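Please work through the exercises below with the sequence and the structure side by side. Try each task before reading its solution.

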Amino acid sequence: MNQTSTETRAVVVERDIAFPPEKIWRALTQPHLIAEWLMKNDFKPAVDHRFNFRGDWGSVDCRVLTIEPNKTLSYTWDAMGLESVVTWTLTPTSTGTHLRMEQAGFRPDQEQAYQGAKFGWQKFFANLEQTLARAD
Amino acid sequence: MPDTHDVIFRTLVDPTRRAIFERLCRDGDQTVGALTAKAGVSQPAVSKHLGVLKQAGLVRDRHKGRQTHYSARPGALAPLIDWTSQMATFWQGKFDDLEDLLKRMDQ
């Protein structure tokens, strides 16, 4: 089990956005703006600052790792048994910004797997509900 | 693999069985007797639930003297909990919300 618990995996989401990096940077680093698209938080743009994201399902423990204004931001993201690091990268393009988010984390062990599965079920049922609502 | 999902969901939909599985995940290796003490159902009922959990590949048993010890199988829930796909869906949604916010924001 120790063998598998150190295996890392990652999620990458990328998108070309029609706004300059400076504007996206504000949305990524100002708490009241972050709250509008991600979650309520007590983020501060300072390395080693510890903060939380708070959702209706629980909270995420975070610590700021790196900040390079308008370019890159990374913080730890620990929630529901998942220990991970979220890294935002902003690259200017001719039409705006290429925004990349990578979340790299450790493969869940047994207890984490169970917590993860519970989350999976919630999502599963939420999706089911939506599907049913659309079916009316 | 949807079939694996089906089996896991069907196996864990029973609250007593789910509680037994949860206890094995949380507390590790246990005998039928120890599980019965906390399950609130008879020992034969616990044994039956363990049989179903074993068939679904969620637990394994090990004989030690006259006792059978049960434990949760590591990775048993792996098919359900591919966190990367969960988080990918989460972040895709958040990217949409971020774009909406950017449209509303002042320059």
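The exercises that follow concern a predicted model, and they move from confidence to helix packing and then to a single residue.

**Exercise 1. Find out what confidence the predictor assigns to chain B, and where in chain B that confidence is lowest and highest.**

Solution. Begin with the chain as a whole: the mean pLDDT of chain B is 84, and 89% of its residues reach 70 or more. Then go element by element, where helix α1 of chain B (residues 2-12) has the lowest confidence with a mean of 72, whereas helix α4 of chain B (residues 43-55) has the highest with 94. Where pLDDT is low, the predicted coordinates should not be read in detail. For the model, the scores are ipTM 0.71 and pTM 0.58.

**Exercise 2. Describe the secondary structure of chain B, the order of its elements and the share of its residues that count as buried.**

Solution. Counting the elements gives 5 helices and 3 strands in chain B, and reading them from the N terminus gives the order α-α-β-α-α-β-β-α. Of the 107 residues in chain B, 27% count as buried. Turning to contacts in chain B between residues at least 6 apart in sequence, 51% of these join residues at least 24 apart.

**Exercise 3. Classify the packing of α2(B) against α3(B), and list the residues that make the contact.**

Solution. First take the geometry: the axes of α2(B), residues 15-27, and α3(B), residues 32-39, come within 11 Å and cross at roughly 125°. Roughly perpendicular pairs lie at 65 to 115 degrees and roughly antiparallel ones at over 145, so α2(B) is oblique to α3(B). The crossing of these two helices, α2(B) and α3(B), is right-handed. On the α2(B) side the contact is made by Thr16(B), Ala19(B), Ile20(B) and Arg23(B), and on the α3(B) side by Leu35(B), Lys38(B) and Ala39(B). Sorted by class, the residues of this contact are 4 nonpolar, 1 polar and 2 charged.

**Exercise 4. Determine how α4(B) is oriented to α2(B) and to α3(B), and which residues meet in each pair.**

Solution. Start with α2(B) and α4(B), which pack at an angle of about 75° with their axes 10 Å apart; the two helices are therefore roughly perpendicular to each other. Here Thr16(B), Arg17(B), Ile20(B) and Phe21(B) of α2(B) meet Val46(B), His49(B), Leu50(B), Val52(B) and Leu53(B) of α4(B), a contact that divides into 6 nonpolar, 2 polar and 1 charged residues.

Next take α3(B) and α4(B), whose axes come within 9 Å and cross at roughly 110°, so this pair is roughly perpendicular too, and its crossing is right-handed. The residues Val32(B), Leu35(B), Thr36(B) and Ala39(B) of α3(B) meet Gln43(B), Val46(B), Ser47(B) and Leu50(B) of α4(B). By class this contact of α3(B) with α4(B) has 5 nonpolar and 3 polar residues, with no charged ones.

**Exercise 5. Decide whether Trp77(A) is buried or exposed, and describe its surroundings.**

Solution. Locate Trp77(A) in strand β5 of chain A, residues 72-79. Because Trp77(A) has 20 C-beta neighbours inside 10 Å, Trp77(A) counts as buried. Leaving aside residues up to four places away in sequence, Trp77(A) touches Val60(A), Cys62(A), Ser84(A), Val85(A), Val86(A) and Gln103(A). One of these partners, Val60(A), is 17 residues from Trp77(A) in sequence, while the C-alpha to C-alpha distance between Val60(A) and Trp77(A) is 6.2 Å.

Definitions and conventions: Residues are numbered from 1 along each chain as its sequence is written. Chains are lettered from A and ligands numbered from 1 in the order in which they are written. This is a predicted model: local features need pLDDT of at least 70, side-chain atom pairs count only at pLDDT 80 or more; totals for chains, interfaces and linings use all residues. Axes are lines fitted to C-alpha atoms, for helices over the stretch in contact, and angles run from 0 to 180 degrees between N-to-C directions. Helices (H or I, at least four residues) and strands (E, at least two) are DSSP runs, numbered from the N terminus. Angles under 35 degrees count as roughly parallel, over 145 as roughly antiparallel, 65 to 115 as roughly perpendicular and the rest as oblique. A crossing is left-handed if the near helix is turned anticlockwise from the far one by less than a right angle, and right-handed if clockwise. Two residues are in contact if their C-beta atoms, placed from the backbone, lie within 7 Å. Ala, Val, Leu, Ile, Met, Phe, Trp, Tyr, Cys and Pro count as nonpolar, Asp, Glu, Lys and Arg as charged, and the others, Gly among them, as polar. pLDDT is the predictor's confidence in each residue, from 0 to 100. A residue is buried if 20 or more other C-beta atoms lie within 10 Å of its own, exposed if 12 or fewer, and partly exposed in between; C-beta atoms are placed from the backbone.
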